[in-house]
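Open the model in a viewer and keep a selection prompt at hand. The stops below are meant to be taken in order.

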Amino acid sequence: MQASWRAFRLKFRATMAPWPEVENAQPNSDKYIEGTAGQQSTTLAKDKETNKDDTGTPATKMELLPSYSTVALIEERTEVEDPWDLPELKDKGIKWSERDTKGKILCVFQGIGKLIMLLVFLYFFVCSLDVLSSAFQLVGGKVAGQFFSNNSIMTNPVAGLVIGVLVTVLVQSSSTSTSIIVSMVASSLLTVRTAIPIVMGANIGTSITNTIVALMQAGDRNEFRRAFAGATIHDFFNWLSVLVLLPLEAASSYLERLTNLVVDSFHFKSGEDAPELLKVITDPFTKLIIQLDKDVINQIAMNDETAKNKSLIKIWCKTFTNVTERNVTVPSPENCTSPSLCWTDGLFTWTIKNVTYQENIAKCKHIFVNFSLPDVAVGVILLVVSLLVLCSCLILIVKLLGSVLRGQVAVIIKKTINTDFPFPFAWLTGYLAILVGAGMTFIVQSSSVFTSAMTPLIGIGVISIERVYPLTLGANLGTTTTAILAALASPGSTLRSSIQIALCHFFFNISGILLWYPIPFTRLPIRLAKGLGSISAKYRWFAIVYLIILFLLVPLLVFGLSLAGWPVLVGVGVPIIFVILLVLFIRLLQSRCPRALPRKLQNWDFLPLWMHSLKPWDRVISTLTSCCQQRCCCCCGVCCRVCCQLCGCPNCCRCSGCCKDLEEVQDVPIKSPQAFDNMAMDKEDQDGVPKSTADTKITITAL
């Protein structure tokens, strides 16, 4: 009886397939059983060895299998991909070796055509940035001048900082705001000490341009994550530098003293204007669109009442100034130029004075020269047009780069840009990148143009975030060297103040680099930018909220509190700063050492959900943007496309449901193993029962 039971158990074990292993679960049946169902009997016959047991009954010797679990049927190990890894730009076209002669010639001409188109779109992209700056000056230039005209507020360093941010955001040019500061210092309306915080604010405000450019890549989450992080790394560097250096400057005035020492040590002389290499190329086109009289903003900042009614739009490009002697009346003989040139005719006292008059010779040749529209209307028109051209050029540049940077070309470019020097000189790579960024910015004469041109390259994965950081720091330095050269071209009356302000800008950026670059763990802007990029990729509306809050609402709030005086600013600002620092400290302990906190503070679950999560806000934003889910006509099709781009729709359309951001439903096919494709199932198949095959799939819908 015992022998028959053992034989039955061995036969049952031979016919029943084992369960898949927990750790190595795969749908391949060869992993679990040897041979196929058809060869199973043969395999068993070969593996049997007859031995005698105690009763003398032949027994089959079988190898014991490891333990298994049914959990393996629905669990598969997946590798977690780093979202910041650069994508592999594969060449999906025909290989060069597989092309015939005609195909190779056609490929060469296509490459040349794409390169020419890329240069053309890049040219219009840079021109649209120039026109965008002019549009902002038309819309908010006079307001920016009025910010500078309130000298009593600018004695407050915090107010001066936010004024610099607001003015640079309004005019979209740090060089314009810096030139206004130089003019005010030269006219003794500002001291160097009060001008330094404004220069710091101008350094912050100039970083908004490439952040706006990054918004144009919101269509793809991965591209937007990289592009927005690469753009905001400039913001975080400037803000962190200001948070450290502004209190240090207010306490010690080290920038003022250092630059004063440098100016006194070197005998600077007025020279020629700084070379404007890029302007030579773009000015012929942009001057056909609009030309501005930027002296009006300076005059408003100088409290010139006559300038408030002047238009920023330049009408006369060629004028003739003449000085002549004329007979004029004066109130009394004391007002005469000299006693010999003074006479009376009984009623009036006359004298001779030099009178300057300006004669208009030729009008400018831009589009709006003969229009009688106000500055704000022209500014809004140019703002809309320049943004459309900017978006179109950026999209086309990204598409062209995506088609050109494929295969071996992409590998070479990525290795050239992102590879470090061999050990032990790897640490020099970042400093070389800083020099490259400074040189490129010096060539194009604008840090905004250089960083904005890098943004699409970051998005498609050609440049890594770690390499963008030193390039951006170099761009900050490059724009200050341009300012120094421009200061050297100033007239003798403003030479000293111009050079000192430019040097303050230079040493501020040098100090920031020393704070946030040499030691790897101090490179906080990289980590902060990556965190913000991940949040903005998940909730794309948060990028716009970030721009509005950081560059508009916060500066306006601080400026409004500054108008109320120091006590109000300190009374409101200090508690807010204390709460922010406390939250950051608790968050740091939660991530590093949660046991040091009480159980309730180890997470933020004790707060309402809307205070520690963006999901409730995302539902509110989705409700507010539900207009895109309704049918729209051809007139609002463009608006719907913009909404779709911001909402992240996979397939944008002009009709209903285009912005409904549903979670992607994934079908995870899990094959049932061939554990049941055995001799027992074959017998059932012979009896007319359908056989379970290896192609049977269990579909699990990810909700």
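The tour goes from the whole chain to single residues and pairs.

**Whole chain**

Start with everything shown, and bear in mind that this is a predicted model. Colour by secondary structure: the protein has 25 helices and 7 strands. Of its 703 residues, 39% are buried. For contacts between residues at least 6 apart in sequence, 74% join residues at least 24 apart. Switch on a surface next; about 40,400 Å² is exposed, and carbon and sulfur atoms supply 63% of that area.

**Confidence**

Now colour by pLDDT. The mean for the protein is 74, and 72% of the residues reach 70 or more. Select residues 14-78, where pLDDT stays under 50. The model has 75 contacts beyond four places in sequence for this stretch. Then select residues 650-703, where the pLDDT is also below 50. Beyond near neighbours in sequence, residues 650-703 have 89 contacts in the model.

**The disulfide**

Which cysteines form a disulfide? Select Cys317 and Cys364, whose sulfur atoms are 1.8 Å apart. The count for the structure is 1 disulfide. Cys317 is in strand β3 (residues 316-330), while Cys364 is in the loop between β5 (349-363) and α13 (375-404). The two cysteines are 47 residues apart, so the pair links distant parts of the chain. Look along the S-S bond: its torsion is about 110°, so the disulfide is right-handed. The two partners differ in cover: Cys317 is partly exposed at 37% relative accessible area, and Cys364 is buried at 5%.

Two further cysteines can be selected for their accessibility. Cys107 is partly exposed, with a relative accessibility of 24%, whereas Cys504 is buried, with 1%.

**A charge over a ring, twice**

Stay by strand β3, which covers residues 316-330, and show the side chains of Trp316 and Lys363. The charged end of Lys363 sits over the ring of Trp316, 5.7 Å from the ring centre. For another case, select Arg523 and Tyr517: Arg523 lies over the face of Tyr517, at 4.2 Å from the ring centre.

**Backbone details**

Move to the loop between α14 (407-418) and α15 (428-444), where Pro424 is placed. Phe423 and Pro424 are joined by a cis peptide bond, with omega about 10°.

Next select Ser253, in the loop between α9 (221-252) and α10 (254-265). Its phi is near 55°, a positive value in a residue other than glycine. Is Ser253 buried or exposed? Ser253 is buried, because its relative accessible area of 6% is under 20%. As background to both of these stops, most residues other than glycine have a negative phi, and most peptide bonds are trans.

**Around Phe507**

Select Phe507 in helix α18 (residues 495-516). At 18% relative accessibility, Phe507 counts as buried, since the cut-off is under 20%. Which residues does Phe507 touch, leaving out those up to four places away in sequence? They are Leu255, Leu258, Thr259 and Val262. For a distance check, draw a C-alpha to C-alpha line from Phe507 to Thr480: the two are 9.0 Å apart in space and 27 residues apart in sequence.

**Aromatic pairs**

Show the rings of the aromatic residues; the structure holds 15 aromatic pairs. Begin with Phe228 and Tyr546, whose ring centres are 5.9 Å apart. Their planes are at 75°, so the pair is edge-to-face. Phe228 belongs to helix α9 and Tyr546 to helix α20 (residues 541-563), and the two are 318 residues apart, a link between distant parts of the chain. Both rings belong to buried residues: the relative accessible area is 0% for Phe228 and 9% for Tyr546.

Then go to Phe368 and Phe371. Their ring centres are 5.8 Å apart and their planes are at 55°, so this pair is tilted. Phe368 is buried at 9% relative accessibility, whereas Phe371 is partly exposed at 49%.

For the last stop, select Phe224, Phe228, Tyr546 and Phe551 together; ring pairs link these residues into a cluster.

Technical notes:
Residues numbered from 1 in each chain as written. Predicted model: local features only at pLDDT ≥ 70, side-chain atom pairs only at ≥ 80, totals over all residues. Heavy atoms only, no water. Helix = DSSP H or I, 4+ residues; strand = E, 2+ residues; numbered from the N terminus. Buried < 20%, exposed > 50% of the residue type's maximum accessible area, 1.4 Å probe, protein only. Contact = heavy atoms within 4.5 Å. Areas by Shrake-Rupley, 256 points an atom, 1.4 Å probe, with all protein chains shown as cover. pLDDT = per-residue confidence, 0-100. Disulfide = S-S within 2.5 Å. Phe/Tyr/Trp six-rings, centres within 6.5 Å; stacked < 30°, edge-to-face > 60°. Lys NZ or Arg CZ within 6 Å of the ring centre and 35° of its normal.
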